[in-house]
Amino acid sequence: MKFTKEQLGNAVWILVIVLIVFTPVGFHAKVFVGKLFARSAEVIETDKQNTLSNYDWRLTDLEGNRANFDANRGEVVLVNLWATWCPPCVAELPSLDKLYKDYGDKVNFVFVTNEEGGEVKQFLDKKGYDLPVYFGASQVPEEFFSKSIPATYVINKSGKIVVDEKGAANWNSGRIRKLLDQLLIE
């Protein structure tokens with residue numbers, strides 16, 4: 001049986017699609033594309049910013065210590081809802097890690113996932129990230145509810161949500177750094 005060039009071309013495309021959809025190669029390809037097309041997050045216009053109405057959100061860190069999001073009241077906070085199995089989440093983590101390394105002592109970072117602790121710890125260790133990761137121990141505040149991840153929010157000192165970004169973004173951009181600097185001096 002002899003194959004035509006068209007049949008061979010179709011077979012190659014089918015193989016590529018199968019690799020992307022059903023193998024780890026596809027996960028890494030999606031992460032690469034996510035990094036490639038990540039844009040800087042947008043700041044919400046002042047008159048359209050919502051105020052966080054409920055800071056009562058119980059959390060647990062990787063070591064099992066309990067925390068309450070209420071401790072962040074009056075501070076500049078970046079909240080990121082993510083998962084290790086989510087290609088856009090993984091794509092934006094390097095930029096969040098760089099931002100955390102530079103602003104972690106000034107801005108409160110809260111990375112929240114609903115995965116198993118061991119799996120998350122293994123992922124963070126493999127990637128070399130030292131991010132403050134938490135697990136929700138109570139219902140997420142209504143303003144942070146999202147049907148998709150990653151979902152990232154920047155909250156100013158008065159509780160206004162100034163960034164509400166869904167999908168992968170470049171968090172280590174000049175725009176975000178300038179925003180954080182402005183929020184810190186308010």
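How do the residues lining the largest pocket divide into nonpolar, polar and charged? Let me start there, since the structure is up on the screen. The lining has 10 nonpolar residues, 7 polar ones and no charged ones. Before I go on, a reminder that this is a predicted model.

Okay, a bit more on that pocket. The volume comes out at about 330 Å³. In total 17 residues line it, and the ones closest to the centre are L81, V112, T113, N114 and I149. Keep V112, T113 and I149 in mind, please.

Now let me zoom out to the whole chain. We've got 186 residues, and 39% of them are buried. The secondary structure is 5 helices and 9 strands. If you walk along the sequence, the order goes α-α-β-β-β-β-α-β-α-β-β-β-β-α. So what about the contacts? Take the pairs in contact that are at least 6 apart in sequence: 70% of those join residues at least 24 apart. As for the surface, about 11000 Å² is exposed, with carbon and sulfur atoms supplying 55% of that.

Next, the inside. In soluble globular proteins, nonpolar side chains tend to be buried together. Here the largest nonpolar core has 31 residues, and the members touching the most other members are W82, L93, L99, F111, V154, W171 and L180. Which elements give two or more residues to this core? Those would be α3, running 87-103, then β5 at 108-113, α4 at 117-127, β6 at 133-136, β8 at 161-166 and α5 at 174-185. Helix α3 gives the most, with 6 residues. There's also another core, apart from that one, with 16 residues, including Y55, V77, V79 and I161.

Let me pick two residues from the big core. First up is W82. Skipping neighbours within four places in sequence, W82 is in contact with C89, L93, F111, V112, T113, V120, F123, L124, V133 and I149. And there are our pocket friends again: V112, T113 and I149 are among the residues closest to the pocket centre, and W82 is in contact with each of these three.

Second is L99, which sits in helix α3. Is L99 buried or exposed? It's buried, because its relative accessibility is 0%. Leaving out residues up to four places away in sequence, L99 touches L78, G104, F109, W171, N172, I176, R177 and L180. Two of those names, W171 and L180, were also on the list of core members that touch the most others. And here's a long-range pair for you: L99 and S173 are 74 residues apart along the chain, yet their C-alpha atoms are separated by 8.7 Å.

Back to I149 for a second, with something you'd want to check in any setup. Most residues other than glycine have a negative phi, and most peptide bonds are trans. The bond from I149 to P150, though, is cis, with omega near 0°. P150 itself is in the loop between β6 and β7, where β7 covers 151-155.

Now a little cluster around T84. T84 is in the loop between β4, residues 77-81, and α3. T84 counts as buried because its relative accessibility is 10%, and the cut-off is under 20%. From T84 to L124 it's 40 residues in sequence and 9.0 Å in space, C-alpha to C-alpha. From T84 to E119 it's 35 residues in sequence and 8.3 Å, again C-alpha to C-alpha. E119 lies in helix α4, and at 42% relative accessibility E119 counts as partly exposed.

Last stop, G136, in strand β6. Where does G136 fall on accessibility? At 46%, so G136 is partly exposed. Setting aside neighbours within four places in sequence, G136 is in contact with W57, R58, L59, V112 and T113. Its C-alpha is also 9.0 Å from that of D61, with the two positions 75 residues apart along the chain. And notice V112 and T113 turning up once more: G136 is in contact with both, W82 is in contact with both, and both are listed among the residues closest to the pocket centre.

That's my tour, thanks.

Conventions. Residues are numbered from 1 along each chain as its sequence is written. This is a predicted model: local features need pLDDT of at least 70, side-chain atom pairs count only at pLDDT 80 or more; totals for chains, interfaces and linings use all residues. Side-chain values use heavy atoms; hydrogens and water are left out. On a 1 Å grid over the protein atoms alone, a cavity is a set of points where a 1.4 Å probe fits but cannot get out, and a pocket is an open set with protein on both sides within 12 Å along at least five of seven lines; lining residues have an atom within 4 Å of a point. Grid points are joined across faces, edges and corners, and a volume is the space filled by probe spheres set on the points. Ala, Val, Leu, Ile, Met, Phe, Trp, Tyr, Cys and Pro count as nonpolar, Asp, Glu, Lys and Arg as charged, and the others, Gly among them, as polar. Helices (H or I, at least four residues) and strands (E, at least two) are DSSP runs, numbered from the N terminus. Buried means under 20% relative accessible area, exposed over 50%, partly exposed in between (1.4 Å probe, protein chains only). Contact means heavy atoms within 4.5 Å. Accessible areas come from the Shrake-Rupley method with a 1.4 Å probe; for residues, only the protein chains shown count as cover. A nonpolar core is a set of buried Ala, Val, Leu, Ile, Met, Phe, Trp, Tyr and Cys residues joined through side-chain atoms within 4.5 Å.
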